[in-house]
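Work through the exercises below with the sequence and the model open. Try each task before reading its solution.

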Amino acid sequence: EIKLAHGVAISDTSIYVTSLFDRTICRYSLAGEFIYQIGNEAYEGTESFMWPTSLDYSNGNIIVSDAHTGRIYIFDEDLKYNSSIGGIGPSDNTFNFPYCANYFNDAIYVADVFNNRVVVLNKRGQIKKILGKSIENIELDIMLQAYNNIPYTYGLTNEVESTFFNPYLSAQVINGYDSLIFYNENYYFQINCSDYACN
C-alpha cells in the first residue's frame, strides 16, 4: 500500500511514486516489485520531504517537487541524491508552493503556484524564462496572495507587530506558506516555520 500516492514517473526499468502520507519516494520494478525507498518527514535534508507532490524522469534523472519546502530535488535512477534547486522565498530563484516540476526539451518547468507563474530552468537550475510575473517587479506586500480569494492566513498581511518577535525590529510581517517574511524599505528576511504553520 502506498498511502496518499501522488506523483508517478516511469523509466525504462522502474516505476517511481511518492507517498504524501509517509513523505517517501518508492522505486518498483515494472512488474510492481518493491526495490528501494527513501524519505522521511523533515524540512531539511537530502532525503527528507514535507509534501513530495510530483515526479518526472529524463535521461537517468528523477526530479521531485516538494511543494511545502519549495525545493526541487534531483536524484539518479537508484534514488541517490544529486542536487536541489530553490526553496521557499520572495525572489525569482525561489518558489512558493511549487506543485509540479517536469522535464521538457532539455529544461525544467516548475509550476510555482502561489507566485502565479511557471519558471523555466536549465538542468543546472539557472532561470531561462519566467512565464508570468517576475517577483523582482512586484511589490512585496502584494506578492503573497490568498489562494482563489479564500480568506485563510496564507499570504494575508499578518496583524502581529514585528516587535512581538524582536523589540528592535520595525517591519511588516507577511505569512508565507511555511514561513514569516519581514520587510521594510531597507531589507527583507524570512523565518522558516514548521509544516502547516500558516494554518
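**Exercise 1. Cysteines**

Task: How many disulfides does the structure hold?

Solution. This is a predicted model. The structure holds zero disulfides. Next, take the cysteines one at a time. Cys-26 has a relative accessibility of 5%, so Cys-26 counts as buried. Cys-100 has 26% relative accessibility and counts as partly exposed.

**Exercise 2. Salt bridges**

Task: Count the salt bridges, then state what Glu-41, Arg-27 and Arg-117 each pair with.

Solution. Step one is the general idea. Side chains of opposite charge can pair when their charged atoms come close. Step two is the cut-off: a side-chain nitrogen of Lys or Arg must lie within 4 Å of a carboxyl oxygen of Asp or Glu. By this rule, there are four salt bridges.

Step three takes Glu-41. Its partner is Arg-23, and the closest N and O atoms are 3.7 Å apart. Glu-41 sits in the loop between strand 4 (34–38) and strand 5 (52–58). Arg-23 sits in the loop between strand 2 (14–19) and strand 3 (24–29). The two are 18 residues apart in sequence, so the pair ties together separate parts of the chain. Arg-23 is buried, with a relative accessible area of 8%.

Step four takes Arg-27. Arg-27 forms a salt bridge with Asp-78, with 2.8 Å between the closest N and O atoms. Arg-27 belongs to strand 3, whereas Asp-78 is in the loop between strand 7 (71–76) and strand 8 (81–86). This pair links distant parts of the chain, 51 residues apart. Now compare accessibility. Arg-27 is at 12% and counts as buried. Asp-78 is at 41% and counts as partly exposed.

Step five takes Arg-117. Its partner is Asp-112, and the closest N and O atoms are 2.6 Å apart. Arg-117 has 5% relative accessibility and counts as buried. Asp-112 has 0% and also counts as buried.

**Exercise 3. The sheet of strands 1 to 4**

Task: In which order do the four strands of this sheet stand, and which strands are at the edges?

Solution. Start with the order. The four strands form an open sheet, 1-2-3-4, with antiparallel pairing. Now find the edges. Strand 1 (5–10) and strand 4 each have a single partner strand, so one side of each is left without a neighbour in the sheet. Neighbouring strands here are turned by 20 degrees against each other on average, direction ignored.

Zoom in on one pair. Strand 1 and strand 2 pair in the antiparallel sense over four bridges. Val-8 has Val-17 in strand 2 as its bridge partner.

**Exercise 4. A hairpin**

Task: Is strand 5 largely enclosed or exposed, and how does strand 5 pair with strand 6?

Solution. Count the buried residues. Strand 5 has seven residues and six of them are buried, so strand 5 is largely enclosed by the rest of the structure. Then look at the pairing. Strand 5 and strand 6 (residues 61–66) are antiparallel, with six bridges. One of the bridge partners in strand 6 is Ile-62, which pairs with Tyr-57. Last, the turn. The two strands form a hairpin with two residues between them. Asn-59 in that turn has a positive phi of about 50 degrees.

**Exercise 5. The sheet of strands 9 to 12**

Task: Describe this sheet, then say where Asn-122 lies and what its side chain joins.

Solution. The order is 9-10-11-12, in an open sheet of four strands with antiparallel pairing. Strand 9 (98–104) and strand 12 (127–132) are the edge strands, each pairing on one side only. Strand 11 (residues 117–121) pairs with strand 12 over five bridges. Within this pair, Val-119 stands opposite Ile-130.

Now the loop. Asn-122 is in the loop between strand 11 and strand 12. Its side chain has a polar contact of 2.8 Å with the side chain of Gln-126. Leaving aside neighbours within four places in sequence, Asn-122 is in contact with Ile-108 and Lys-128.

**Exercise 6. Positive phi**

Task: What is the sign of phi at Leu-4 and Asp-106, and where do these residues lie?

Solution. First, the background. Most residues other than glycine have a negative phi. Leu-4 has a positive phi, near 50 degrees. Leu-4 lies in the segment before strand 1. Asp-106 also has a positive phi, near 60 degrees. Asp-106 lies in the loop between strand 9 and strand 10 (107–112). At 59% relative accessibility, Asp-106 counts as exposed.

Note on methods: Residues numbered from 1 in each chain as written. Predicted model: local features only at pLDDT ≥ 70, side-chain atom pairs only at ≥ 80, totals over all residues. Heavy atoms only, no water. Buried < 20%, exposed > 50% of the residue type's maximum accessible area, 1.4 Å probe, protein only. Pairing = 2+ DSSP bridges. Polar contact = N/O pair within 3.5 Å; in protein donor to acceptor, adjacent residues only side chain to side chain. Contact = heavy atoms within 4.5 Å. Axes fitted to C-alpha atoms, helices over the stretch in contact; angles between N-to-C directions. Disulfide = S-S within 2.5 Å.
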